[in-house]
Amino acid sequence: MRVFLLSCFIFIATGCSTTYSNKDITGSTFPSVLGESLEQEQVNLPEDFKGKLTLLLVGYKQDSQFDIDRWLIGLDMTETLVDVYEIPTIQGLFPRMFSTMINNGMRKGIPKELWKGVVTVYEDGERVQEYTGNETPNNTRVILLDKSGKVIYFYDRGFSVAALNELRSFLDSNN
């Protein structure tokens, strides 16, 4: 019986993970997906961000937080003015079953005043990962949306000062 239960657990934990080839999504419209902020508010991406430039820092694994933090520090140090949202995006049935526990863990490590800017995507997580690709899952997917939800800047190779400067250039030319 234990072997059967262990086999079921391993299947659920790993059977729902699919690898998608990375792709450049620049010029496409971000797919309509539903997420929930750490304030427990429903967020429709990209619809709720229309009318303003919005930067999404999409992470697929807990280890992507290191890359996200480097982007956030770089944006802060360069006084880059843009609405920024962290989008933890998790695919599979197993994480959805434990979404409350995962979100509570994130709340413990993030100051309450920042909870609105962290929007977790569970149910549509696979759609987002298929859209951008999820090879090199530790790298943040840096996605700048224009006022209509179209991707005008995309980068997925890990933080670099050159990429930050390129993003800032896109922001300057689209304000």
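Which residue stands opposite Leu45 in β2? That one is Val33, and the views below, all taken from a predicted model, start with the sheet around this pair.

**View 1. β1 and β2 pair up as an antiparallel hairpin.** Strand β1 covers residues 33–37, and four bridges tie it to β2. Look for Val33 facing Leu45 of β2, then for Glu36, whose bridge partner in β2 is Gln42. Four residues sit between the two strands of this hairpin, and Gln40 takes a positive phi there, near 70°. Strand β2 also has two quite distinct faces: Val43 and Leu45 make up the covered one, while Gln42 and Asn44 are on the uncovered one. So Leu45, the residue opposite Val33, belongs to the covered face of β2, and Gln42, the bridge partner of Glu36, belongs to the uncovered face.

**View 2. Three strands make an open sheet.** Reading across, the order is β2-β1-β5, with antiparallel pairing. The edges are β2 (42–45) and β5 (119–120); each has a single partner strand, so one side of each has no neighbour in the sheet.

**View 3. A second open sheet has four strands.** Here the order is β4-β3-β6-β7, and the pairing is mixed. The edge places go to β4 (83–88) and β7, each with a single partner strand, so one side of each is left without a neighbour in the sheet. From one strand to the next, the twist averages 20°.

**View 4. β6 and β7 run antiparallel, with helices packed on their sheet.** Four bridges hold the β6 and β7 pairing, and Ile143 stands opposite Phe154 in β7. Helix α6 packs on the sheet, where it touches β3, β6 and β7, and its direction makes about 175° with that of β7. Helix α2 lies across β3, β4, β6 and β7, and runs at about 155° to β3.

**View 5. Helix α6 has a buried face and an exposed side.** Which residues of α6 are buried? They are Ala163, Leu164, Leu167 and Leu171. Seen down the helix axis, the buried residues of α6 fall within an arc of 100°, so they line one face. Their cover includes β3 (54–59), α2 (64–77), β6 (141–145) and β7 (151–155). Over on the other side of α6, Val161, Ala162, Asp172 and Ser173 are exposed. The length of α6 checks out too: at 1.5 Å a residue, its 14 residues (161–174) should span 20 Å, and the end C-alpha atoms are 20 Å apart, which agrees.

**View 6. Stepping back, the protein chain has six helices and seven strands.** Along the sequence these follow the pattern α-β-β-β-α-β-α-α-β-α-β-β-α. The protein chain has 175 residues, and 44% of them count as buried. Among contacts with a separation of 6 or more, 73% join residues 24 or more positions apart. The accessible surface of the protein chain is about 9,700 Å², and carbon and sulfur atoms account for 55% of that surface.

Key
Residues numbered from 1 in each chain as written. Predicted model: local features only at pLDDT ≥ 70, side-chain atom pairs only at ≥ 80, totals over all residues. Heavy atoms only, no water. Expected span 1.5 Å × (residues − 1). Buried < 20%, exposed > 50% of the residue type's maximum accessible area, 1.4 Å probe, protein only. Arc of directions from axis to C-beta. Contact = heavy atoms within 4.5 Å. Pairing = 2+ DSSP bridges. Areas by Shrake-Rupley, 256 points an atom, 1.4 Å probe, with all protein chains shown as cover. Axes fitted to C-alpha atoms, helices over the stretch in contact; angles between N-to-C directions.
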